[in-house]
Amino acid sequence: MSQKYLFELGGENIELGKCEAIELLKTEKYEPKLVYYNESIIILDVLKEINKMVIRRLGMTKRVSKVLYYSNKNKFDEILKEIPRIDIKKKSFAIRLIKKEGIPENEIAIKLGEKIPKRNKINLSKPDVKILYYSDKKTIISIWERNLETYYKRCLKHHIRYRPFFSPIGIHPRISRSMVNLSNSTKGDNVIDPFCGTGGILIEIADMQIEAIGIDILKKMVENSVGNLRHYNLKGIVVEGDIQNVENYDFNAIVTDPPYGLSTTTKGEGVKKLMSRSMEIFAETMKKKQRVVMAVSNPKLINPKDFTLIHKFEWYIHKSLTRYILVLERN
Ligand SMILES: C[S@@+](CC[C@H](N)C(=O)[O-])C[C@H]1O[C@@H](n2cnc3c(N)ncnc32)[C@H](O)[C@@H]1O
């Protein structure tokens, strides 16, 4: 039976967060349909209940909850009449307002609370369940359960500054995570990062029980990646060598952050030449429909001759640096 879920996205890059959720659910065969979208809120209608391990993969979504009520109405008294008794088994609960217009908060909490059986205890600090009330153009009431945790907060433990081997140019773990989730990869697949550096992307691949393969031209970077993976108790294959080594592996997708400026080496090759050679190697080694997800600073250097551009996201780092994420599919 189909079910609607409410996704509250982090504010970093709404478009990236929205596509991450949709692409991941497509990969995991939930056939998601976008039924509502407003600012950082989306509702997806999916085929069946979403497995908590899939929710755990989401990097750019703060919270996922199951929609109980969804309508165009905004008169609270009318809405109340349509809501049946809310059954949350024996769990403790809190009522939280995400956004509301025109209705006092305590009125919502009291009247909605009357729909929950008396046996359920209120726990405002650590409830098992949160009943979320959102009212804007639509009214949405949804149920969040404590075991439905996304990666959004947990990823801070993976933050670059907590890793034993630090790279100032490493991508934020939430973004790396979303890149892997855009690559159409699932548990047990092999995903390769041929410019792995200190292993920021490899950590996310391995954390999602996907096989991580890393390549870097610098021995020191290989050691850093191995050290960082070990720090989080994660496994991966990391080899020293040129990007050409991708041809030695059987893989389902490439997720990578190639050198883009003066601070990372290209061993004298130059970014322009390295990018054009990389695209040729990717095209030769990849099968139809497989994806390359890459972070770049100058998308013009990427010639997608044998690929179709599926998504392009842009995010501002500082005045002189805007980065892009390209999602390309092999033709
Ligand atoms: C932007 S950094 C990757 C940063 C990485 N995402 C991290 O978390 O640290 C690019 C990496 O590509 C490596 N590299 C440069 N040329 C290469 C080549 N021809 N083949 C493989 N790796 C190369 C560099 O040594 C550098 O570590």
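Visitor: Where is the place of Asn-184?

Guide: In this predicted model, Asn-184 sits in the loop between helix H6 (173-181) and strand E8 (190-193).

Visitor: Why does Asn-184 count as buried?

Guide: The term buried requires 20 or more other C-beta atoms within 10 Å of the residue's own, and Asn-184 has 21 C-beta neighbours inside 10 Å, so it counts as buried. Its backbone also deserves a look, since phi of Asn-184 is near 65°, a positive value in a residue other than glycine.

Visitor: Why is Gln-209 called partly exposed?

Guide: Exposed applies at 12 or fewer other C-beta atoms and buried at 20 or more, with partly exposed in between; Gln-209 has 13 other C-beta atoms within 10 Å and is therefore partly exposed. Gln-209 belongs to the loop between H7 and E9, and although it is not a glycine, its phi is positive, at about 60°.

Visitor: Which elements give two or more residues to the shell around the ligand, and how many residues surround the ligand?

Guide: The ligand is surrounded by 26 residues, the closest being Gly-170, Phe-195, Gly-197, Thr-198 and Gly-200. Helix H7 (200-207) and strand E9 (211-216) are the elements that give two or more residues to this shell. By class, the shell residues divide into 13 nonpolar, 9 polar and 4 charged.

Visitor: What makes strand E10 (237-240) and strand E13 (307-318) stand at the edges?

Guide: The sheet in question is open, with 7 strands in the order E10-E9-E8-E11-E12-E14-E13 and mixed pairing. E10 and E13 each have a single partner strand, so one side of each is left without a neighbour in the sheet, and that places them at the edges. From one strand to the next, the twist in this sheet averages 15°.

Visitor: How do you know that E8 and strand E11 (residues 253-256) pair?

Guide: Pairing requires at least two bridges between the strands, and E8 and E11 share 2 bridges in the parallel sense, so the criterion is met. Within that pair, Ile-192 has Ile-254 of E11 as its bridge partner. E11 is also joined to strand E12 (residues 291-296) by 4 bridges, again with the strands running parallel, and here Ile-254 stands opposite Val-292 in E12. Ala-253 and Val-255 point one way from E11, whereas Ile-254 and Thr-256 point the other way, and all are buried.

Visitor: What is the order of the open sheet that includes E1, and is its pairing parallel, antiparallel or mixed?

Guide: The order is E2-E3-E1-E4-E7-E6-E5, an open sheet of 7 strands with mixed pairing. Strand E2 (33-38) and strand E5 (93-99) stand at the edges, because each has a single partner strand and so lacks a neighbour in the sheet on one side. Direction ignored, neighbouring strands of this sheet are turned by 30° against each other on average.

Visitor: How many bridges join strand E4 (residues 61-71) to strand E7 (residues 139-145)?

Guide: E4 and E7 run antiparallel and are joined by 5 bridges, and the cut-off for pairing is at least two, so the two strands pair. Val-67 has Ser-142 as its bridge partner in E7. Helix H1 (residues 14-27) packs on the sheet, touching strand E1 (3-9), E2, strand E3 (41-46) and E4, with its direction at about 10° to that of E3. Helix H4 (residues 105-113) also packs on the sheet, where it touches E5 and strand E6 (129-135), and its direction makes about 140° with that of E5.

Methods. Residues are numbered from 1 along each chain as its sequence is written. This is a predicted model: local features need pLDDT of at least 70, side-chain atom pairs count only at pLDDT 80 or more; totals for chains, interfaces and linings use all residues. A residue is near a molecule or strand if its C-beta atom, placed from the backbone, lies within 6 Å of it. Ala, Val, Leu, Ile, Met, Phe, Trp, Tyr, Cys and Pro count as nonpolar, Asp, Glu, Lys and Arg as charged, and the others, Gly among them, as polar. Axes are lines fitted to C-alpha atoms, for helices over the stretch in contact, and angles run from 0 to 180 degrees between N-to-C directions. Two residues are in contact if their C-beta atoms, placed from the backbone, lie within 7 Å.
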